[in-house]
Amino acid sequence: MQLVISSTGTIRCLYDESLDLHKLGKLSISRGSHVEPNEAGLWYTDLAPVGGPQLGPFGSRSAALTAEVRWLEEHWLSLSDD
């Protein structure tokens, strides 16, 4: 898990359960995207919650999730709150 800590003390990360984040202080968790299939069974990643694009189509949910994480790491995680 990557933790990005701003000069104001705000920590940004892609949430998973590898660390107990409650030990770092009060949490504010929000959705970064929606990964959903369409009527044809193809998967899309909608990154609108963080101002991002829609990615896809993908033939599998796991491919859509991989694209989601890659985009969030490259475009959202490193944004500065300063």
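How much space lies in the largest pocket? In this predicted model, the largest pocket holds about 850 Å³.

**Figure 1. Overall fold of the predicted chain.** One helix and five strands make up the secondary structure of the chain. Their order from the N terminus is β-β-β-β-β-α. The C-alpha trace spans about 45 × 25 × 15 Å along its principal axes. Of the 82 residues, 24% count as buried. The chain exposes about 5,800 Å², and carbon and sulfur atoms supply 50% of this area. Among contacts with a separation of 6 or more, 26% join residues 24 or more positions apart.

**Figure 2. Lining of the largest pocket, with a volume of about 850 Å³.** The pocket is lined by 28 residues, of which Cys13, Tyr15, Ile29, Ser30 and Trp76 are the closest to its centre. Strand E2 (11-12), strand E3 (34-37) and H1 each give two or more residues to the lining. H1 supplies the largest share, six residues. By class, the lining comprises 14 nonpolar, seven polar and seven charged residues.

**Figure 3. The largest nonpolar core, a set of 12 residues.** The members are Leu14, Val35, Trp43, Leu47, Leu55, Phe58, Ala64, Ala67, Trp71, Leu72, Trp76 and Leu77. At least two core residues come from each of strand E5 (54-58) and helix H1 (61-76). The largest share of the core, five residues, belongs to H1.

**Figure 4. Surroundings of Leu55, a member of the largest nonpolar core.** Setting aside residues up to four places away in sequence, Leu55 touches Trp43, Tyr44, Thr45, Leu47, Ala67 and Trp71. Among these partners, Trp43, Leu47, Ala67 and Trp71 also belong to the core.

Definitions and conventions: Residues numbered from 1 in each chain as written. Predicted model: local features only at pLDDT ≥ 70, side-chain atom pairs only at ≥ 80, totals over all residues. Heavy atoms only, no water. Core = buried A, V, L, I, M, F, W, Y, C linked by side-chain atoms within 4.5 Å. Buried < 20%, exposed > 50% of the residue type's maximum accessible area, 1.4 Å probe, protein only. Helix = DSSP H or I, 4+ residues; strand = E, 2+ residues; numbered from the N terminus. Contact = heavy atoms within 4.5 Å. 1 Å grid on protein atoms, 1.4 Å probe; cavity = no way out; pocket = protein on both sides within 12 Å on 5 of 7 lines; lining within 4 Å. Points joined across faces, edges and corners; volume = space filled by probe spheres on them. Nonpolar A, V, L, I, M, F, W, Y, C, P; charged D, E, K, R; others polar. Areas by Shrake-Rupley, 256 points an atom, 1.4 Å probe, with all protein chains shown as cover.
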